[in-house]
Each structure stands twice: as structure tokens, then as C-alpha cells.
Amino acid sequence: MISVHNYLAAAALLIAAAFPAHAGEYRLTVSTAAVEVDGRTVEKMTVNGSIPGPVLHFTEGEQATITVTNETSEKTSVHWHGILLPGVMDGSPGFNGFMGIAPGESYTYTFNIRQSGTYWYHSHSGTQDQSVLGAIVIDPAAPPSAVTDRDHVVLLSDITPEDSDQVLRNLKADPGFYNYSKRTLGDFFRDARRDGLGAAWGDRLAWGEMRMDPTDLADVTGYSFLVNGRTPQENETFLYSAGEKVRLRLINGSAMTIFDVRIPGAKMKVVASDGNDVHPVIVDELRIGVAERYDVIVEPAGGEPLAIFAESIDRTGYARATLATAPGMEAAIPAMRPRALLSMADMGMAHGEHGSHGDHGQQESDPHDGHMDHGAGGHGHDGEHMDHGDGHMMDGHDGHHMNHGPGQHQNHDRQQNKGHEGHGDHGSHMHDGVKVSAAPEPEARPVGWASGFPPGAKVLAYEDLRRHHAHADNRAPDRTVELRLTGNMERYVWTLNDRRFHEASPIRVRYGERVRISFVNETMMAHPMHLHGMFFELENGSAAHRPLKDTVIVPPGKSVSVILTAREVGAWPLHCHLLYHMVSGMMTAFIVEPPETADTGLTRDGAVVPLAVSHDGAAARRGGHAGHGGI
Amino acid sequence: MKRAVFLSVPLLIASLAIARAETGTVAMDHGPDLFHKIVTEVDFAARDGGEWRWHVDGWVGGDVERVWIRSTGKIADSEVEKAEFQLLYGWNVHPFWDVLIGARQDLEPDSKTWAAAGVTGLAPYFFETDATAFLSTEGDAALRLEQSLDIPVTQKLIAEPHVELNAYAQDIPERGIGAGFSDVELGLKLRYEITRKFAPYAALTWERALGETASRARSAGESVEETALRIGVRVWF
């Protein structure tokens with residue numbers, strides 16, 4: 001029974017499909033421009049002349065048409081991070097037949113928007129995502145679950161005046177090139193005074209035996225940290241009126257920086273993660289990995305200005321913006337807190353020979369085979385049993401791992417800090433010539449990966465994330481793909497399962513297959529792991545409310561697992577989103593094979609994509625890459 | 001001199017080509033793929049009418065295969081007393097270790113060509129370690145062990161103790177060398193890294209001839225032990 005009304009609606013839809021709404025169309029131009037970074041004028045690649053590029057607004061259901069023109073002298077690309085689309089539109093050179101945009105060329109991306117939330121775009125060529133980036137905001141077709149009065153994009157990024165390829169060259173020559181927080185002789189004597197000479201010496205020997213550095217929190221320093229392209233001095237300001245609800249779309253568009261974000265004087269209500277609504281959770285602080293997004297709602301009580309303060313986890317600097325009722329208002333900038341020192345527990349997975357891993361505290365088991373998911377209980381991972389014989393990051397691990405919830409921030413923190421009292425917000429700490437509240441004795445550095453948060457503060461943990469709607473499909477996975485995060489820090493080589501990208505075999509899954517990806521971090525750095533083209537369900541103990549994400553931080557020495565049902569046909573990059581980890585090899589291809597029978601359809605866009613990965617010109621160099629066929 | 005140049009140039013070109021081929025499968029879409037670190041140290045000690053020494057050690061290549069370049073020498077009282085060059089090809093065989101094979105050409109104190117093979121890497125407790133064996137065209141065999149350690153005093157002031165030990169399988173009379181351990185050098189270098197790549201330094205070094213080599217020196221009326229304060233600069237690119 002089709003009414004005239006429906007006919008009209010259908011006709012309108014057809015017209016809309018043929019002539020997509022103008023709102024869904026954008027033109028982006030990638031070009032080099034002189035920009036000022038840290039007082040120096042340097043050439044950087046930009047989008048439409050600025051860093052970041054414009055915010056792209058879409059509405060769920062419309063068609064996006066984005067033409068990218070390359071006015072630089074090198075190949076470029078733009079990848080739409082977190083967007084569900086046909087593979088060739090993903091903008092990853094070498095995947096699905098997309099080979100980048102040559103100098104002087106344009107490429108028009110078209111895809112139907114079938115999601116909503118906060119996303120971003122960036123170059124996927126070489127080290128360009130340093131500066132070729134911007135935010136994407138997609139309004140839902142239905143009214144949003146959380147209605148707000150104001151809506152602001154808070155795009156965090158890092159930028160260095162150095163040439164980003166030169167940064168990689170420096171790291172390859174000396175992986176400690178940018179670490180100016182190494183442990184010195186002075187640190188040794190201080191530790192010896194505090195812990196005893198034997199303990200301090202033993203600690204140095206333990207790290208020395210492994211040839212690893214507990215100060216290795218971030219590979220690159222020298223960054224300026226920006227909010228929407230503005231430095232802390234330039235103070236990006238977001239306006240609000242007293243009593244309003246303000247949605248802040250936090251996006252970490254950094255190349256290498258993980259941030260601890262807080263708004264002193266206000267609570268943040270987290271309502272979405274990686275574009276997907278979650279049950280609201282109120283926090284004082286959150287740690288945002290490279291490429292992650294959190295939507296938070298802030299309801300400033302009075303008319304006072306509030307600082308949005310994002311410290312890099314290595315505490316070399318901060319990004320800052322202000323929520324204010326009028327331009328020019330400023331809130332006090334909080335002091336940066338001491339940098340954490342990695343502990344032996346952060347090396348948990350890095351050793352070949354250990355049989356077990358200390359105490360896992362209480363656990364919530366998940367209805368999935370054989371894997372343990374540690375819930376939000378107050379447990380520590382003190383890794384009592386540490387065997388660091390000839391331990392190095394490439395050692396085969398013993399296949400004996402479990403899933404620690406990845407974000408047990410504050411709990412973990414307290415565990416790790418027993419014996420170091422009074423860590424947190426009140427260190428005496430000199431930074432950038434700013435003397436912070438004096439304490440008589442230099443504060444001990446907080447110890448361990450998620451540490452250094454003020455006691456009692458509620459810090460967002462992955463366990464807190466519960467998808468807004470329950471999943472209908474809660475089947476156990478058909479199989480588990482284990483992906484060990486590996487590397488050789490001494491060489492600055494980063495790998496998955498000990499293979500660099502161009503040496504790795506892709507992961508192949510069948511269409512419709514339900515797969516668990518188990519990330520096992522055998523290194524002592526955190527890796528924000530990102531899968532293109534689809535969301536995965538984070539196994540964080542929230543039963544049928546597993547949050548959907550596209551990027552997940554795997555802390556040092558820990559494991560994190562995700563599940564997905566493979567419905568997006570194509571070859572999708574799966575990689576660490578730390579820029580220099582990715583370009584030095586920490587990437588592989590996740591291939592979803594097409595369904596065997598045609599009537600099940602391909603992608604929801606109906607696109608047919610060549611299922612192939614070209615390792616960037618390798619095929620071309622060996623003589624022609626027609627169709628980029630075969631791996 | 002000419003022989004060394006003729007020997008080195010084609011070797012260098014061939015090696016670079018191989019290194020390039022190894023890393024060349026990843027094109028510019030994934031960033032640069034050919035890297036290098038060549039450390040050069042030149043220092044001066046006010047003795048024997050002024051003594052200059054140079055030490056070059058570095059590599060060009062990718063993650064796995066690299067071409068290594070080494071040179072060391074001494075100029076005393078405007079005379080080149082020692083000048084040697086090494087060109088080696090290296091494979092990374094373990095996270096911390098590379099195996100090297102190549103050639104060494106001495107120009108001074110006399111011209112001598114050696115085959116060279118060894119390992120270089122980072123031993124536990126952060127000891128930078130080079131162990132290289134040499135076999136000359138005349139059949140002389142030699143071994144050299146070098147170790148050093150970087151100890152940050154501050155983030156920019158680095159104390160670097162180092163040791164070098166040489167041994168020979170036989171006498172080399174024209175060089176005053178006797179079989180067995182021939183000489184050892186111990187030193188402590190303090191460098192100040194104005195940048196990572198540019199650091200002036202002061203070094204206190206103690207050299208001593210050992211065993212049969214020491215006996216020969218004594219009978220020739222030469223000293224077997226030397227202590228020197230050196231001022232120099234370390235650059236790398």
C-alpha cells in the first residue's frame with residue numbers, strides 16, 4: 001500500500017541521491033605554507049592553508065563528496081579516520097587500489113555517511129599527518145542522546161619546527177635523541193638516599209641488563225601542543241553562557257602525543273567515545289590516546305573562565321584552551337605534574353621466559369572462551385614474577401596472556417605508588433622556567449604507566465565505557481587473532497608479530513566472521529592501535545554494552561582485546577597510530593574477504609573493491625601494478 | 001694511498017647499492033627509508049709538538065643492512081703516525097647486535113691491507129661494544145675490542161668511560177708489535193651536548209703497551225705508558 005505521499009518521498013530521495021545536498025560537499029587543498037612554530041617560521045603542509053584544516057560537518061544519511069587537490073610537490077592522501085566507507089575511499093595509499101594523490105592532481109572522495117559523532121581526517125602518506133589534519137563532525141539523523149546548548153571541537157595536536165622526516169632520521173640514528181629526561185647520576189644518588197644504595201644499584205642493574213630506559217615515555221620531544229591550531233599563549237577560547245551545557249568534542253590529532261586532559265573546577269561528563277555514544281560517566285580527568293575521541297559535556301556552574309588543560313604524558317608541555325563567557329577571559333593555568341617513570345611491571349609482557357604474571361586481583365569474567373577480562377576492580381598488576389634474562393622486545397612470548405583492562409588508571413596508580421607518598425599534583429617542578437609551588441624535597445616521580453593522577457580524582461578508565469545501546473549480537477568470536485605489539489627500541493624498529501609492514505602477511509577474515517583481535521603489548525611503550533573501516537567492540541567487562549571504538553590504547557606490557565563482526569569488505573590498515581611507529585613498520589593489513597555468494601551483497605555502499613595491498617610502490621617497482629593485484 | 005682509494009670507492013658504491021636494494025621496497029609513501037649516523041671525533045693533546053687524533057665510526061643503511069665506515073688516526077708533530085680506514089657491511093642479527101664483514105686499509109705507519117670481521121652492538125648494561133678480527137694480506141691476525149658507556153651526569157653533560165684492547169697472533173716487527181696483548185687504552189671522556197649532534201669534550205686517556213710489545217718498546221728506549229688530557233669535539237650527522 002503505497003500512498004502518494006510515499007511516492008513523493010521516494011522521488012525526493014531519488015533527486016537527493018542524484019544531486020547530493022550541497023552541505024555534504026567540500027574542497028580541500030593540500031599545500032605547503034610558511035607557519036610559525038615555536039618562534040620559528042617553517043614550511044609545513046597544510047589543508048586550505050591552515051593547521052588544522054577546516055571542520056567538515058555532515059549529517060548522517062547524506063552523501064559526502066570531498067575533492068582533495070594536491071598542490072605540494074610530493075604525493076599526499078587524506079584518510080577519514082573512523083568513517084565507514086568503501087575501501088578505495090578510505091584514503092590509505094596502497095590499500096584497495098587507492099594509490100595516493102600525485103602532485104598537481106585531485107581526487108574526489110564520495111561515500112554515504114552512515115554514522116554520526118566525532119571523527120577526524122589526516123594524511124596517510126609518510127609523516128604528513130603531522131600537519132595535514134582536521135576535524136569531522138557528523139550530526140545524527142535522529143536527535144542526539146545528549147542535548148547540549150553549545151558544541152565545540154577541541155582538536156589537540158602536536159607540531160615541531162623540525163622537518164618530520166628528519167625526526168624519523170634522528171630516531172633511527174639515536175632512539176634516545178629526544179629524551180632529555182634520562183636518569184642521571186644525580187637521580188641515582190637521590191634514589192640511593194631514599195631507597196638505599198643497594199636498591200638503587202639493583203634497579204639500575206635490572207634496567208641495564210635489559211638495555212631499556214624507564215624514562216622512555218615518548219619518543220619525540222620539542223613539540224608545541226595546540227588546540228585547534230592555537231598555542232597555549234594564543235589561548236583558543238570557547239564561549240558559553242552561565243548555566244549552559246557545553247559539548248566538547250575532544251580529538252587527539254597528534255602525531256606522537258598522548259594527553260591527560262582535565263578542566264580544573266569542572267567535571268567532564270563523557271558521553272561518547274570514538275564517535276559512539278556511551279552511558280554518561282562523570283570524570284575529573286581522562287587520558288586520550290593519539291587518534292581517540294571523547295565527547296564530554298561540561299556544565300560550568302558560574303560564569304568563571306575554565307581552563308581546558310591537556311598535559312602530554314611525558315610532561316614536556318601542554319595544550320590549553322579556555323571556556324569563557326567572553327573573549328579574552330583566562331583561567332589560571334594549572335601546574336604540570338611530575339613525569340611518571342615506567343616500572344618493571346610495565347615490562348610485564350616483554351620477557352620471554354616468565355611463566356606467570358603476579359597478581360591479577362579480582363576479575364570479572366566475560367562469557368567468552370578462555371579469555372579473562374579484568375574489570376574495574378581495584379587490582380594491581382605488580383608483575384611479581386619478572387625474569388629479565390636476555391629479555392628484549394623481540395623475544396617470543398609464551399602464549400600465556402590475559403586481558404587486563406586497559407585503563408585502570410587510578411587504581412593502578414595507587415598500587416604502583418605504594419612506598420612513594422604524596423605523588424601527584426604538588427611536586428616542586430621546574431618547567432619552562434616556570435617555578436611551580438615549592439616543596440622542600442624534590443618529589444619522587446610517580447611510577448608506572450597510568451600514574452601521576454591526584455589521589456581521589458576520578459580518571460576515566462576503559463572499564464567505565466558502556467555502549468549506550470546493548471549489542472544484539474553477543475556471540476562468542478569464531479576465532480582469535482593474536483597480534484603481538486613488538487619492536488626493537490634500540491633500532492627504532494616497530495613491528496607487529498615481529499614483522500615490519502612490508503614483511504608482514506595480512507590478516508584475512510571471512511565476510512561475516514566474528515573475530516577477536518587480541519593485542520599483546522610486548523614493548524614498554526603504549527600503542528594506540530587503530531583499525532580502519534570498521535568499529536570494534538572493546539572487551540572491557542561491560543557485557544552486552546561493549547563500547548564501539550576504532551582506536552584503543554594498549555598500555556606497556558599489557559593486553560587488550562576487541563571483537564568485531566567482519567562486514568566491511570576490503571583491505572584495511574591496522575596500525576599503531578603513533579606516527580613514527582607506523583612509518584617504521586608497526587602496521588599490517590586486515591582483509592575482510594568478500595562474501596562467497598553474490599546475493600549477500602558487498603559493502604552497504606555496494607562497492608566492489610580489489611582486495612589487495614600494495615606495499616607502496618613495491619609492486620610498481622617490480623614492473624607494473626595493474627589493479628594492484630596480489631599480495 | 002692510491003690503492004686504498006681504488007679499493008674503497010667501488011666497495012662503497014657496491015655496498016650502498018645493496019643497502020638501497022634492501023630498504024628500497026618501501027617507497028616515499030611511508031617516509032624516508034635510508035638512514036645514517038656517522039660520528040666523528042677530533043681531539044688535541046698538547047704533547048709531542050701537538051698531537052691530533054681522529055676517530056670516525058658510523059653507518060649508512062636501513063634497519064637490517066648497513067654499510068659501516070670507520071677511520072682512526074694520529075698526527076703528532078705534523079707527522080701522520082697512524083691512519084687506518086675500514087669499510088664493512090653489516091647485518092642486524094639480534095636486536096642489539098650486528099655482524100660485520102669488510103676490509104681495512106692502513107696507510108700509516110705502513111701500508112697494509114686487512115680483511116675484517118666482527119660484531120658491533122649494545123651489550124647488557126648499555127656497553128657499546130665493538131669486537132673486530134683482522135687478517136692481513138701478509139697473514140697477520142689481530143683482534144680489537146672496544147667498549148664505552150654513556151653516563152648522563154646531567155641531560156647534556158655525559159661521562160663516557162671507554163676501553164680499547166688490541167691483541168696479535170704473531171709479531172709484526174716493523175711495527176714493534178709482539179704476539180699477545182699489545183696495548184690497552186683507558187679513558188674518561190666528558191662531553192657536553194650543546195645539541196645531540198655537536199658536543200665539545202675533554203678526555204683523560206691512559207695508554208700502555210703490554211707484554212712483548214712493551215718489552216720491545218723498552219729495549220728501543222721508548223716509553224710504554226702515556227697519559228694525556230685531550231680537548232676535542234664530537235659531531236655526528
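Q: How many residues lie between β18(A) and β19(A) in their hairpin?
A: In this predicted model, strand β18 covers residues 306–312 of chain A and strand β19 covers residues 318–324. The two pair in the antiparallel sense over six bridges, and I308(A) has A321(A) in β19(A) as its bridge partner. In the turn, R315(A) has a positive phi of about 55 degrees. The number of residues between the two strands is five.

Q: Which residue of β18(A) is the bridge partner of R262(A)?
A: β18(A) also pairs with strand β13, residues 259–262 of chain A. That pairing is antiparallel and runs over four bridges. Within it, R262(A) is matched with F309(A).

Q: How many of the seven residues of β18(A) are buried?
A: L306(A), I308(A), A310(A) and S312(A) point one way from the strand, and all are buried. A307(A), F309(A) and E311(A) point the other way, and these are buried as well. The strand is therefore mostly covered, since a residue counts as buried if 20 or more other C-beta atoms lie within 10 Å of its own. The count for β18(A) is seven of seven.

Q: Which strands stand at the edges of the sheet β3-β8-β7-β5 of chain A?
A: This is an open sheet of four strands with mixed pairing. The twist averages 25 degrees from one strand to the next. Two of the strands have a single partner each, so one side of each is left without a neighbour in the sheet. They are β3 (56–59) and β5 (79–81).

Q: Which residue in β8(A) stands opposite W120(A)?
A: Strand β7 spans residues 117–122 of chain A and strand β8 spans residues 133–139. They pair in the antiparallel sense over six bridges. Opposite W120(A) stands A135(A).

Q: Which residue in β32(A) stands opposite L538(A)?
A: An open sheet of six strands has the order β25-β24-β27-β32-β29-β30 in chain A, with mixed pairing. Its edge strands, β25 (493–496) and β30 (548–549), each pair on one side only. Within the sheet, β29 (residues 536–538) and β32 (residues 559–565) run antiparallel and are joined by two bridges. The residue opposite L538(A) is V562(A).

Q: Which elements are included in what covers the buried residues of α2(A)?
A: Helix α2, residues 164–173 of chain A, is mostly covered, with seven of its ten residues buried. Among them are V167(A), L168(A) and A173(A). The cover includes an element of chain A together with one of chain B. These are α6 (579–583) of chain A and β1 (35–45) of chain B.

Q: Is N228(A) buried or exposed?
A: N228(A) has a positive phi of about 50 degrees although it is not a glycine. It lies in the loop between β10 (224–227) and β11 (236–239) of chain A. There are 23 other C-beta atoms within 10 Å of N228(A), and the cut-off for a buried residue is 20 or more. N228(A) is buried.

Q: How many other C-beta atoms lie within 10 Å of N48(A)?
A: N48(A) also has a positive phi of about 50 degrees without being a glycine. It is found in the loop between β2 and β3 of chain A. N48(A) is partly exposed, a class that falls between 12 or fewer and 20 or more such atoms. Its number is 16.

Q: To which residue does a cis peptide bond join I51(A)?
A: Most peptide bonds are trans. The bond from I51(A) is cis, with omega about -5 degrees. Its partner lies in the loop between β2 (40–47) and β3 of chain A. That partner is P52(A).

Q: What is omega near in the peptide bond from E108(B) to P109(B)?
A: P109(B) lies in the loop between β5 (97–108) and β6 (112–123) of chain B. The bond that leads to P109(B) from E108(B) is cis. Its omega is near 5 degrees.

Q: Over which residues of chain B does the pLDDT stay under 50?
A: Chain B averages a pLDDT of 87, and 87% of its residues score at least 70. One stretch falls under 50, although the model has 18 contacts for it beyond four places in sequence. Where pLDDT is low, the predicted coordinates should not be read in detail. The stretch is residues 21–28.

Note on methods:
Residues numbered from 1 in each chain as written. Chains lettered and ligands numbered in written order. Predicted model: local features only at pLDDT ≥ 70, side-chain atom pairs only at ≥ 80, totals over all residues. Pairing = 2+ DSSP bridges. Axes fitted to C-alpha atoms, helices over the stretch in contact; angles between N-to-C directions. pLDDT = per-residue confidence, 0-100. Contact = placed C-beta atoms within 7 Å.
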